[in-house]
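This report is meant to be read beside the sequence and the model. Please keep both at hand while following the text.

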Amino acid sequence: MSKNLFNRYIWLIDTIRRHGSITRDELNRLWRLTPFSEGNPLPRRTFYNYRNSIEEIFGINIACNTSTFEYYIENSGDTHTDSVTDWMLNTASMSNTLTDARDIADRVFLEDVPSARQYLSTVIGAMKEYKTLSFDYSPYSRTGAPKPVRIEPYFLKIFRLRWYVTGRNTKENVIKTYALDRMSKVNVDAETFEIPLDFDAEAYFRDAFGVVFSHGEAKKVTIRTDPRQAKYFRALPLHHSQSEMIHDQYSVFTYNLRLTPDFVQELLSYGPKITVIAPAELKAMMISNLSEALDNYHTNEPLQ
């Protein structure tokens with residue numbers, strides 16, 4: 001499939017998704033504004049061919065409301081599948097948009113995602129074929145030579161612009177998570193595996209902030225913020241369990257989360273803009289970390 005044809009599919013999906021529902025006349029008007037059209041409308045036969053190809057390639061059905069003759073994207077009924085599809089389409093749509101912006105490339109600044117550059121396709125291939133992965137791993141907490149690892153890759157997750165794979169470490173018989181950008185010498189083995197029937201990938205990190213897993217119980221976390229910070233949390237929630245109570249001078253956000261180190265570090269990054277109200281153990285963690293940080297500035301040791 002040519003890149004130009006793929007971009008046409010993405011444009012069609014993205015246009016219908018953004019409008020919610022759209023008539024063929026409006027779709028044709030927008031199509032004429034694209035570089036694909038050369039000023040011509042989208043032929044009906046071509047439109048139906050695109051619909052069929054989109055369903056075959058992406059699993060997305062462009063349905064028609066026969067009472068209004070408007071086209072819309074039909075939900076698959078699987079929330080997780082729909083969210084993954086949305087992410088992929090958003091990424092592809094953004095790629096198309098940036099391609100059109102080559103003439104202002106010196107004025108567009110992006111964040112790098114190094115973990116996706118080398119091994120992402122290899123890991124996805126192993127997952128699709130249910131084959132084990134072998135690699136050398138160098139976590140930030142380890143010094144010396146990389147450690148050889150073999151896992152059964154269960155699922156992938158992206159967090160803070162880094163890709164992670166989670167699966168069973170075959171030597172330790174423990175489910176662990178590994179950052180793709182800390183891997184080297186990645187190989188797909190001939191050995192196959194089956195994901196246990198009682199393993200729920202969706203639930204594994206449900207009560208986690210990021211990618212650090214904890215066997216501890218989830219806690220009700222309560223945080224007070226100033227009105228300005230509250231706006232940021234509304235726009236970009238810290239966790240899917242987030243809820244808010246708005247007061248005159250502040251907001252109180254509530255979460256259901258396990259108390260993991262990455263969550264504590266996230267809260268510390270907001271400084272005086274937030275205050276942990278509960279639970280007491282999280283509040284103690286915050287006070288301890290802040291005290292240690294302050295102590296660093298009270299030492300009399302000369303700078304090296």
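The text below takes up a sheet, the helices on it and the nonpolar cores.

This is a predicted model, in which local features need pLDDT of at least 70 and side-chain atom pairs count only at pLDDT 80 or more, while totals for chains, interfaces and linings use all residues. Residues are numbered from 1 along each chain as its sequence is written, and side-chain values use heavy atoms, with hydrogens and water left out.

An open sheet of four strands follows the order β10-β11-β9-β12 with antiparallel pairing, where strands (E, at least two residues) and helices (H or I, at least four) are DSSP runs numbered from the N terminus and two strands pair if DSSP finds at least two bridges between them. Because β10 (243-246) and β12 (274-278) stand at the edges with a single partner strand each, one side of each has no neighbour in the sheet. Seven bridges join β9 (residues 219-225) to β11 (residues 251-257).

Two helices contact this sheet (contact means heavy atoms within 4.5 Å); angles run from 0 to 180 degrees between N-to-C directions, with axes fitted to C-alpha atoms, for helices over the stretch in contact.

| Helix | Strands touched | Angle |
|---|---|---|
| α8 | β9, β10, β11, β12 | about 40° to β11 |
| α10 | β9, β12 | about 145° with β12 |

Helix α10 (residues 280-298) also packs against α9 (residues 261-268) at about 60°, with the axes 10 Å apart.

The largest nonpolar core has 45 residues, and Phe135, Tyr178 and Met183 are among those with the most contacts inside it; such a core is a set of buried Ala, Val, Leu, Ile, Met, Phe, Trp, Tyr and Cys residues joined through side-chain atoms within 4.5 Å, buried being under 20% relative accessible area with a 1.4 Å probe and protein chains only. Strand β5 (residues 147-159) gives the most to this core, with five residues.

Note on methods. Buried means under 20% relative accessible area, exposed over 50%, partly exposed in between (1.4 Å probe, protein chains only).
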